[in-house]
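Please look through the sequence and the structure shown below before reading on. The paragraphs that follow walk through the contacts between chains and then turn to one sheet.

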Amino acid sequence: MSEPNASETTATELPGLARGEQAIIEVRDVAKWYGDIVAVSDMSFGIGAGVTGLLGPNGAGKSTLLNMISGLLAPSAGSVRVLGKPVRGNPAIYRQIGLASEQEHVYGSLQGREFVRLNAILQGVPDADGATERVIRVVGMESAANRRVGGYSKGMRQRIKVAAALVHEPQVLLLDEPLNGTDPVQRASLIDLMRRLGDEGKTVVVSSHVLSEVERFARNVLVVVNGKLAAAGDYRTIRERMDQRDHIIRIRCSDPRRLASSLVADRITRSVRFQGQEGLIAETDDVRRFGLLAPEIARREQIRIFELQATDESLASVFSYLVNS
Amino acid sequence: MSTPPRDYGEIFDRGYLHYEGPRLGQMHAIWALARYSMARAVGIRRPWSAKIIPMLLYAAVFIPVAVSIGIRAFFPAFDFLDYASFFGAIVLLEGIFVALIAPEMVSSDRHDRLLPLYFSRPISRNSYVTAKLLGTGLLTLSISLVPAVILWLGNGLLAQDPIAGMREGLGDLGRIVIAGTAIAFYLGAIGLVIASFTSRKSVAVGVIVLGFVITESLSLALSEALRDQPDIERWLFVLSPTRTIVTLVDGLFGVPEFSSEVPLSAAIAVMAGVIVICSLVMFAWYQRDE
Amino acid sequence: MDALWRLLPVTMLTVRQFSGGKTARLVLLLSCFPVLFAAIFVIRPWSGDPAEYLADLFRELIVPTLLPIVVLLPATAALGNELEDGTLPYLLMKPVSRARIVLGKYLAIILVTIPALIVGVGLTTVVVSRVPGAEGLWPIFVAMAGAAAVGALLLGALFLLVSLLVPRALLAGMIYVFAWESLLGRFLPGVQAISSREYTLRVFEGLLDGDSAATVAAISTIGVVILVCLVLAIWRLSRMQID
C-alpha cells in the first residue's frame, strides 16, 4: 500500500490554501536565524497553482523565504518541500523550479542569448537552441540578445533573468521583485506573462512592492511582516475579515443629502460625509449589505446614483493595515 | 465629465533646507575618505572574515619583535635582531600587506561602481586620489614603522640605563622613522597604482605580489649576469622595489658592504621619484570619464 | 565549439570568464617569464653548464614562485569569482550534480594552466639551447613539463577547495606560498613534508634521474591529495548557503 502523499492529507491544515487544494510548495514551521537575528520566525503555509503574491515591507523576510523555497538557503528549523520533495540537497528537483532574483548578478561577459542557452543546457533541455529562441521572444529581448549582458540596463537584466528561469518550462517559477527597473510597457508584458503562466496551471510566486500591480495578477497573497506570516489568501477576503476598520464607500448621486439621511437611519452606516455638490462618503462595517442597501434606498427615494465605489478595497489598504497594526 | 481647471496652485517647501553655513573644505574631505578607506581595508567595521588576513600579517610581523624583546630581556648581551635585518626580513610581508590593502582601497570602489557616486559629491578627483594615497601610505606605516619602533622601545627600555640608552638610540629612531615612512609610501604608491587599473581585487593582488617577486628575481639574475661590470651592476637594484628597500635600509643603518658602493641618497631619490611618478599616473588616470 | 558548450557547459563558462577577464592573459604572460631569465643567461652565461642552469631555474624560480601564482590565479577565480559576483545560484539551481560543477571548474583550471606552463617551460628551454655547447636539455624539458603539470593539478585542486572555504582565497594562497613555504619552510623541517613545492620537486628529480619508484611515489601521494581536495570541495559546495 503506498504511503499517502503528505501534501494531500494535511493540505487543508496549511494556511494559504483553499480546502482540498493541492499544495505545490509546503513550508512547515520554518524559521531562519543568523545568530541573534531572526529573519523568519515559525512560518507555515502552502502555495498552490496559479499566481501568488508575496508581500511585505523591506526586511520582512521575503527574499529569505524565497531563497529557502528555492533551496539556496537551509532553514534553521522546519521543512520546505516543493512538489512533495525536499529542495535542499536534491538537485534533480531543479528541473521543475526556476528562480529569477533581483539579488543575483549575471555573467557579464556572456551575450544574452549565450546566457539563456547556458541555462538551457545545464537544465538538460532537449532542444536548447529552440527553447532559447522561444523564451527570448516571450520576454521581448530579441533585439538585445546578441549584446553582452554586462551592458544591459536593469530592466533588460530582469527580463533576461526571467528568460533564463523559464527556458526549461518549470512547473514552479519564483520571481523576486521582477518588476523592479522595468518601464510600463515591459511591466505590462511581464504581468501578462505571469498571468498566462498562472492560467496554464503553473505555480508562480512573485514577491513585490508594487501593490497596485500585484492586485492585477495575483489570485492569492501571502503577507509577511517582521518574519511572520501576517495574512494569507485572497486579498479581498482578507479585507472583509479586517472588521476593525470601517470600509469607505464613495457615492456620487443626484441628491446626496437625502440619500445620506436615509443611509444614516440604517444601522450599518457608521458615518457620512459630504464632498462637493454630488459627492457622499459613507463609512460602514458591512460592505455587502451596504452595497445592497444604497441602491435600494436610491430607488425608493428616486435618487440617481452615478457612481458607487469602495475606495479602500485595494491591496494597498490591506497591506498598510497589516503592516501598521 | 471633467471639471474645469482651477486657478489655484501652490508649491510648498517640503523641508529641504539649504545649508548656507561654513563648509569644511577639501582637506576635511580628503581626511574623511582616507580614514574611512583605511578602516575598511584592514577590516574594521566589517565581518570577522575581513579581519583574518590583516591579523595574520600583523602577527607575522610582530612575533619576531616580541621574540627579540623577550630574548633581550633574558640575555641582554644577545642582539637577536638588528634593525637592518629586521627591515630586510619583513619586506615580503610588507609587499603582501600592500597587496591586501591597495585593492581594497581602489579596486573595490571600481567594482562596486562607486566612482560616479564619489565624483558627484564635493570631493574632487584629485582629492580622491590624494586621500587614497594618503590612506594607503599611513596604513602601511602600521606594518613598516610601528613594529620597528616597538623593537627600538624594547631595546631602549631593556638597556642598562634606559634614559641614556634611549638618548643614544635617538639616531636609530630617526633612521627607523625615515626608513619606515619611505617604505610605506613607496610600496603603497606602487601597489595603489597597480590596483587602480582593475576592478577585480584578485587580479590586483596577483599582479602586485608577482610584480614584487619577479622584479626581484629579474634584478638578481641581471646582477649575476653583469657581476663583472660593477658600474652597471650597482644600479640594478632600482629595477626591484624589494631590493631598493633593502639598499635603503642597509645604507641607513650602515651595513658595511653596502655603504661604500651606493650612495644612500640615490636610493632615497629613486623611491621619491617612483612615488611621484605613481601619484601622477593615478591623478591622470582618474581624470578619465568612465 | 557548440558541441563543447553542450558537453562541458561549466568548463566552457569558466574558460570564457577567464578569457574575458585578465586572468587567462596573465597566466600565459607569467608562464613565459622564465624566458627573460633564460635570455639574460644566454647573453651573459654566468655558470658553466646550461643544463644545470635550466634545472636550477626550474627549482629556484619556477616551482617556488611562478607555478603557484600561475595556478592560483585561475584556481581561486574559478569559484571565487562566482562567489564574489553572486552568480553561483545559476549553477546550483540546476539538476546537475555538485560533482559535475566542481569537476567542470577543475577541468577549466587545468585547460588554462597546463598548456601555458608547458609553453613557458618549452620556450625557456629553447632560449637556453641558444647557449653554445648546450646539450642534454630535452630530458630536462620533459621533467619540467611533467613536474609542472603535476604541480598544477595539485595546486589547482587545493586552491579550488580553499576558495570555497576562505574569503580572499588568492591572498591567503599568496601568504601560503610566500610566507609559509619560504620563510617557515626554511626553519621548520616538518613543513617540507606538507609543502606542495616539495612534492612537485620530487616528481621533477624523479623524472630527471629516471627514478621511477620515487616519481610514482610522489605522484601517488599527490593523486590522493587531489582526490581528497576534490571530494571535500564537492561536499562543501553541496552544503553551501546563499543569502
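How many residue pairs are in polar contact across the interface of chain B and chain C? In this predicted model, the rule finds three such pairs across that interface, with both residues of each pair at pLDDT 80 or more. The side of chain B that touches chain C draws at least two residues from each of α2 (52-74), α3 (83-111) and α8 (201-225) of chain B, and of the elements that contribute, α8(B) gives the most, with 16 residues. Sorted by class, this side of chain B has 21 nonpolar residues, seven polar ones and six charged ones.

The extent of this interface can be given in residues and in area. On one side 34 residues of chain B take part, and they are in contact with 26 residues of chain C. Together chain B and chain C bury about 2800 Å² between them, and 75% of that area is on carbon and sulfur atoms. Charged pairs are found here as well, since the count of salt bridges between chain B and chain C is three. A salt bridge joins Arg200(B) to Glu84(C), where the closest N and O atoms are 3.7 Å apart.

Chain A is the next one to place. No contact joins chain A and chain B, and their closest C-alpha atoms lie 11 Å apart. Two pairs of chains touch, and the pair with the most contacts is that of chains A and C.

At this second interface, 33 residues of chain A are in contact with 27 residues of chain C. The area that chain A and chain C bury between them is about 2700 Å², with 60% of it on carbon and sulfur atoms. Leu72(A), Tyr107(A) and Leu122(A) together supply 27% of the area that chain A buries against chain C, which is more than any other three residues supply. Two salt bridges are counted between chain A and chain C, and Arg16(C) forms a salt bridge with Glu114(A), with the closest N and O atoms 3.0 Å apart. Across this interface the rule finds eleven residue pairs in polar contact, again with both residues at pLDDT 80 or more.

Which elements of chain A each supply at least two residues of the side that touches chain C? They are β1 (25-34), β6 (97-101), α3 (112-123) and α4 (128-138) of chain A, and α3(A) gives the most to this side, with eight residues. By class, the side of chain A that touches chain C has 17 nonpolar, eight polar and eight charged residues.

Chain A also holds an open sheet of four strands, in the order β12-β13-β11-β14, with antiparallel pairing. At the edges of this sheet stand β12 (269-275) and β14 (305-310) of chain A, and each has a single partner strand, so one side of each is left without a neighbour in the sheet. Neighbouring strands of the sheet are turned by 20 degrees against each other on average, if direction is ignored. The edge strand β14(A) pairs with β11 (residues 247-253) of chain A in the antiparallel sense over five bridges, and Arg252(A) stands opposite Glu307(A), a residue in β14(A). Helix α9 (residues 256-265) of chain A lies across β11, β12 and β13 (279-284) of chain A, and this helix runs at about 170 degrees to β12(A).

Key: Residues are numbered from 1 along each chain as its sequence is written. Chains are lettered from A and ligands numbered from 1 in the order in which they are written. This is a predicted model: local features need pLDDT of at least 70, side-chain atom pairs count only at pLDDT 80 or more; totals for chains, interfaces and linings use all residues. Side-chain values use heavy atoms; hydrogens and water are left out. Contact means heavy atoms within 4.5 Å. Buried area is the accessible area (1.4 Å probe) that two parts lose on being put together, summed over both. A salt bridge is a side-chain nitrogen of Lys or Arg within 4 Å of a carboxyl oxygen of Asp or Glu. A polar contact is a pair of N or O atoms within 3.5 Å; within protein, one must be able to donate a hydrogen and the other to accept it, and residues adjacent in sequence count only if both atoms are side-chain atoms. Ala, Val, Leu, Ile, Met, Phe, Trp, Tyr, Cys and Pro count as nonpolar, Asp, Glu, Lys and Arg as charged, and the others, Gly among them, as polar. Two strands pair if DSSP finds at least two bridges between them. Axes are lines fitted to C-alpha atoms, for helices over the stretch in contact, and angles run from 0 to 180 degrees between N-to-C directions.
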